[in-house]
Amino acid sequence: VQLQESGPGLVQPSQSLSLTCTVSGASIASHYDYWAWIRQPPGKGLEFMGAISYSGNPDYSSSLKSRTSISRDTSVNQFILELKSVTPEDTGVYYCARYRSNYYSIDYWGQGTQVTVSS
């Protein structure tokens with residue numbers, strides 16, 4: 001299974017950020033799998049942002065819920081993160097990952113993509 005993030009590396013403050021995760025080797029519609037977005041600000045730990053289930057239902061971190069949207073396109077096996085009204089505090093490395101609910105663990109990660117919010 002491979003996951004690959006793609007999107008702009010630089011976003012201006014107050015704009016929206018959109019990242020795509022392309023999955024190969026597994027279907028994002030497979031039962032019991034959840035597809036997550038996780039980020040790491042510089043010098044800080046990992047932060048769960050949200051996930052979309054195998055049936056297409058999204059779930060979000062309470063702290064980011066008002067600004068975050070996760071959707072998917074099963075025809076191309078991709079899921080997409082949108083983060084609105086970004087600030088410099090949204091700078092960091094963004095990862096997509098697979099969470100297997102029947103094993104209660106993340107087993108595959110993308111390599112991560114650096115996003116910098118700056119004017």
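The following chat walks through the sheet, the core, an aromatic cluster and a hairpin of a predicted model.

Visitor: Before we start, what should I know about the numbering and the cut-offs for this predicted model?

Guide: Residues are numbered from 1 along each chain as its sequence is written, and side-chain values use heavy atoms, with hydrogens and water left out. Because the model is predicted, local features need pLDDT of at least 70 and side-chain atom pairs count only at pLDDT 80 or more, while totals for chains, interfaces and linings use all residues.

Visitor: OK, what is the strand order in the open sheet of four strands?

Guide: The order is β1-β3-β8-β7 with antiparallel pairing, where strands are DSSP runs (E, at least two residues) numbered from the N terminus and two strands pair if DSSP finds at least two bridges between them.

Visitor: And which strands stand at the edges?

Guide: β1 (2–6) and β7 (68–73) do, each with a single partner strand, so one side of each is left without a neighbour in the sheet. β1 is joined to β3 (residues 17–24) by five bridges, and Gln2 has Ser24 as its bridge partner in β3.

Visitor: Switching to the inside, which residues have the most contacts in the largest nonpolar core?

Guide: That core has 23 residues, and Leu17, Trp35, Trp37, Phe79 and Tyr94 have the most contacts inside it; a nonpolar core is a set of buried Ala, Val, Leu, Ile, Met, Phe, Trp, Tyr and Cys residues joined through side-chain atoms within 4.5 Å, with buried meaning under 20% relative accessible area, exposed over 50% and partly exposed in between (1.4 Å probe, protein chains only). The largest share of this core, four residues, comes from β3.

Visitor: How many aromatic pairs are there?

Guide: The structure holds six. In one of them, the rings of Tyr34 and Tyr99 have centres 6.3 Å apart and planes at 65°, so the pair is edge-to-face; rings of Phe, Tyr and Trp (its six-membered ring) pair if their centres lie within 6.5 Å, with planes under 30 degrees apart counted as stacked, over 60 as edge-to-face and the rest as tilted.

Visitor: Are Tyr34 and Tyr99 buried or exposed?

Guide: Tyr34 is partly exposed at 30% relative accessibility, and Tyr99 is partly exposed at 28%. Ring pairs also link Tyr34 and Tyr99 with Tyr32 and Tyr54 into a cluster.

Visitor: Last one, which residue in the turn between β9 and β10 has a positive phi?

Guide: Tyr104 does, at about 55°, in a hairpin with four residues between the two strands, and β9 and β10 (residues 105–109) pair in the antiparallel sense over four bridges.
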